[in-house]
Amino acid sequence: MPLTLQYHCSCLSSKPTPPPPHLPSSAYNFHPLHTLFFCEECDAVRCNHCVMVEVSGYYCPNCLFEVPSASVRAEKNRCARNCFLCPNCRNTLSVVPSDPPDTGDIRLSAIPVSAVGEPPFFLYCNHCRWDSAEVGITFEKPTGLAAQLQKFEDSAPESLEFERLKEHFEPFLRASSSSSPAHHPTASSHHVHTNPITAAASSAISRDVSGVAKYNPLARSRVGKDKSANKDEMPEYRSRVEIGSTSGLGGGGDVDVEFVKHLEDVSEVANLEQRWVNSWASSPRASDLKPLRIPLLSKKTKRCPTCRHILIKPEQKAQSVRYKIKLVAANYLPAIAVAVPQPSSTEVAKRSTVRSSGGGAEADKGPEGMLAGKTYPFHLSFTNPLYDPIQVRLSVQRAQYQASGEAPAPEKARRPPFAVSLPISAFPIAAFAEAWEYEDDEDMFGVEDDEMGDADVRSRDREGRSKTKTVGVLEKRANVTIVGGEVVIGKEAKGDVKFNMLVSYTYRSDDPGIDETEGTPSRTASKGPVMKTFSFYTVVDLGPIIPKEEPRPDPDL
Amino acid sequence: MPPIRDKFTIHSKAVVCQDVELKGDITIGSGSIVHPKATIFAIAGPIVIGSNNIIEESAIIVNRRKEVMRIGDDNLFEIGCRIESPSIGSFNTLSTRCRVHHTVRLSSFCIIGAGVLLVPSTDQTLDEYTVVYGHSGGVGTHLADSLVGEGAGAGGAGQGQGGAAVAIETRTWSGRGKIQEADLRRKHAEYLREMLPKFNRLRRGDGM
């Protein structure tokens with residue numbers, strides 16, 4: 001299991017401290033850094049759970065056409081141009097012309113190398129080689145396919161049923177005040193209230209007055225509505241087709257049963273994956289699968305929930321993946337990576353080994369996890385994204401632990417199965433700058449902030465052998481500082497090594513602060529750069545603990 | 001094991017680049033194109049490659065059996081594929097990074113999709129116009145034995161056994177568009193025959 005370090009977002013809760021990490025439900029509050037945002041106004045971390053999301057535009061993933069939001073509704077969230085999905089493998093279909101007619105005596109090698117292909121055109125999937133001619137859909141022109149298929153789709157039984165349902169409910173929806181004002185306009189509606197005030201007013205007017213028959217000029221005789229009926233009563237809806245006649249279309253019934261009885265091969269039945277895209281029952285036959293229009297995707301704008309500041313704003317063009325506004329946490333919080341170096345690599349005091357094992361989360365561990373009863377050093381590498389140097393301070397949060405139910409005594413159950421030691425004092429991380437601006441300081445190893453180092457470690461040769469000191473600053477390179485810590489695993493420990501860590505960092509902010517009165521130059525100069533501190537919680541996961549094997553009685557005996 | 005004796009018979013119209021690793025008894029027919037960095041190993045038995053084939057970079061064609069490995073005409077071996085099938089027909093497409101085991105025999109017009117590991121444990125012959133597609137769960141996963149139905153026009157959904165996350169599916173292509181595809185293949189080969197010698201050194205066979 002790889003080592004992870006995730007950041008805590010409190011999601012506007014009143015408690016700033018994160019939940020204990022060994023509980024499975026607390027994984028909801030922890031996120032990897034690349035999924036987090038940072039609001040500058042509130043000075044807080046925001047995650048995908050707490051941001052406000054708005055749609056900023058719709059586009060088709062295939063043709064990358066930006067669809068205006070008015071057409072989105074009209075086209076039922078699908079692409080209106082030539083974009084279709086293969087019903088077999090859900091790959092994109094392409095429009096191809098048919099082969100020239102095969103007169104039988106033309107050998108394939110004798111065809112001249114020139115443009116071949118002629119109408120009729122059909123849809124063809126390059127991945128699974130399904131083509132629409134198998135279901136009988138061909139086109140005369142290679143463009144405007146959606147229009148050519150429109151009449152086909154409109155005559156499908158489910159859309160006719162839906163139209164009838166809409167017409168049935170239309171008068172009730174207009175009359176009741178609880179309907180949303182922007183309900184979809186049907187062709188026959190004349191008073192779609194776009195204003196909630198006028199909608200409330202009209203419903204007040206159309207409320208029943210006792211003793212007076214209700215006058216409704218919009219009675220639909222087709223459904224046979226009673227004129228004096230209470231508007232909450234609805235006549236029975238008679239569907240367009242009998243339910244039993246949907247039998248051949250997957251609604252169950254004899255026709256479907258006959259089909260299943262006479263199946264010869266399982267491939268004749270359409271897959272679940274091919275059929276559940278529709279929200280209605282569709283024919284179970286694989287030969288009835290039709291090409292689907294590609295659903296539109298949306299580009300979203302994300303806002304901070306408290307101050308409504310925009311955190312993420314994508315560009316308007318569908319093909320551009322950049323953002324106009326991009327306030328991601330990675331630009332404000334230091335990126336932390338955790339690694340556990342192998343004992344074998346500590347013998348080799350090469351700088352390259354130090355870099356490679358400390359720089360990233362290397363999953364190169366001999367046994368999966370850590371053995372109970374042993375002590376493991378681990379590295380945390382901090383990358384500073386700011387243009388100013390920062391001072392970082394770490395502290396481990398103590399958590400209450402409960403044993404898994406076989407606790408021998410209550411007081412023992414409260415003790416965490418491992419102990420983590422980290423450097424206590426603050427350590428600096430250099431500012432972010434371009435690669436060529438860094439001095440050549442590869443030989444510099446941080447030797448201060450050595451709180452937990454042993455005495456014999458201090459007496460050892462410091463130059464070159466950085467691995468001998470496990471707790472404290474190990475390396476400072478460019479804008480990355482690698483800090484070592486240690487975890488001691490108890491003998492009876494079980495479960496995962498996960499602990500919450502509070503990271504606070506102090507940075508210089510050049511913001512002089514808001515001043516209501518325009519002070520004299522001397523006063524504004526005295527504000528100067530301010531040291532600001534920001535802290536956040538993280539959870540460090542060092543992997544599972546391999547428990548010590550207990551001597552078990554031999555079951556064979 | 002007897003030492004592998006190299007014997008390359010390359011047609012004069014074939015385009016075989018210098019940087020190709022050839023080993024064993026190999027015959028390459030007229031018009032075939034072998035890109036640089038391809039590998040053709042006739043370790044235990046000879047390999048006979050027909051005409052107008054296109055063998056792209058990093059393709060590996062290996063024959064570990066004593067019998068002759070026959071490859072027909074107009075096939076396309078895309079980048080990174082690994083073929084050990086003892087018999088391949090014509091107009092097949094073996095897509096990028098696919099693997100075909102020595103137990104499978106391909107007929108004509110078959111298409112093995114990209115990344116597909118076609119490694120059944122029993123001998124099989126793929127019918128004409130078979131399309132195999134999907135994605136395997138990971139390196140080294142194996143398909144179940146029940147890959148292809150024997151009847152014409154039948155395709156089966158092959159699912160992995162046990163815990164392997166395999167989603168390889170097989171179906172039969174209707175053959176529509178095969179003339180255009182053949183035409184495209186021919187144009188592809190023609191273009192390569194014209195362009196590759198301009199930028200790569202060619203290897204000539206010993207003894208034609």
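A salt bridge here is a side-chain nitrogen of Lys or Arg within 4 Å of a carboxyl oxygen of Asp or Glu. Keep that cut-off in mind, as the tour starts at a spot where R129(A), E181(B) and R185(B) are linked in a network of salt bridges.

Before you click, some housekeeping. This is a predicted model, in which local features need pLDDT of at least 70 and side-chain atom pairs count only at pLDDT 80 or more, while totals for chains, interfaces and linings use all residues. Residues are numbered from 1 along each chain as its sequence is written, chains are lettered from A and ligands numbered from 1 in the order in which they are written, and side-chain values use heavy atoms, with hydrogens and water left out.

**Stop 1: the salt-bridge network**

Select R129(A) and E181(B). Their closest N and O atoms are 2.6 Å apart, which makes the pair a salt bridge. R129(A) sits in the loop between β9 (118-125) and α2 (145-154) of chain A, and E181(B) in helix α1 (residues 178-199) of chain B, so the pair joins two chains. (Helices, H or I of at least four residues, and strands, E of at least two, are DSSP runs numbered from the N terminus.)

Buried or exposed: which is R129(A)? R129(A) is buried, at 6% relative accessibility, and E181(B) is buried too, at 16%. Buried means under 20% relative accessible area, exposed over 50%, and partly exposed in between, with a 1.4 Å probe and protein chains only.

**Stop 2: helix α2 of chain A**

Follow the chain A loop on to α2(A) and colour L145(A), A146(A) and L149(A), which are buried. They span an arc of only 75° around the axis, so they lie on the same side of α2(A); the arc is that of the directions from the helix axis to the C-beta atoms. An α-helix has 3.6 residues a turn, so residues three or four places apart point the same way.

What do the buried residues of α2(A) pack against? Show β7 (84-85), β8 (93-98), β9 and β10 (292-293) of chain A, and you have their packing partners. Now spin the helix round: the face turned away from the buried side carries the exposed residues A147(A) and K151(A).

**Stop 3: F382(A)**

Next, jump to strand β16 (residues 375-383) of chain A, where you'll find F382(A). F382(A) has 0% relative accessibility, so it counts as buried. Leaving out residues up to four places away in sequence, F382(A) touches a list of residues including A335(A), I336(A), V392(A), L394(A), F427(A), I429(A) and V503(A). Also among them are N479(A), V480(A), T481(A) and V483(A). A contact means heavy atoms within 4.5 Å. While you're here, put a distance label between the C-alpha atoms of F382(A) and K476(A): they are 94 residues apart along the chain and separated by 9.6 Å.

Zoom out to the whole of chain A. It has eleven helices and 23 strands, and 34% of its 557 residues count as buried. Of the contacts with a separation of 6 or more, 68% are between residues 24 or more positions apart.

**Stop 4: the sheet in chain B**

Switch to chain B and pick out its open sheet of six strands, in the order β3-β6-β9-β12-β15-β18, with parallel pairing. β3 (21-23) and β18 (117-118) stand at the edges with a single partner strand each, so one side of each has no neighbour in the sheet. Two strands pair if DSSP finds at least two bridges between them. Strand β15 (residues 99-100) meets that with two bridges to β18(B), running parallel. Select R99(B) to see one end of a bridge: its partner in β18(B) is L117(B).

**Stop 5: two more pairs in chain B**

D19(B) and K37(B) form a salt bridge at 3.2 Å, N to O. D19(B) is in the loop between β2 (15-16) and β3, and K37(B) in the loop between β5 (33-34) and β6 (39-42), so the pair ties together parts 18 residues apart in sequence. D19(B) is partly exposed at 42%, whereas K37(B) is exposed at 52%.

Then try R82(B) and E84(B), whose side chains meet at 3.1 Å, N to O. R82(B) is partly exposed at 21%, while E84(B) is buried at 6%.

**Last stop: confidence**

Colour chain B by pLDDT, the predictor's confidence in each residue, from 0 to 100. The average for chain B is 82, and 83% of the residues score at least 70. Over residues 138-165 of chain B, pLDDT stays under 50. Where pLDDT is low, the predicted coordinates should not be read in detail. The model as a whole scores ipTM 0.71 and pTM 0.67.
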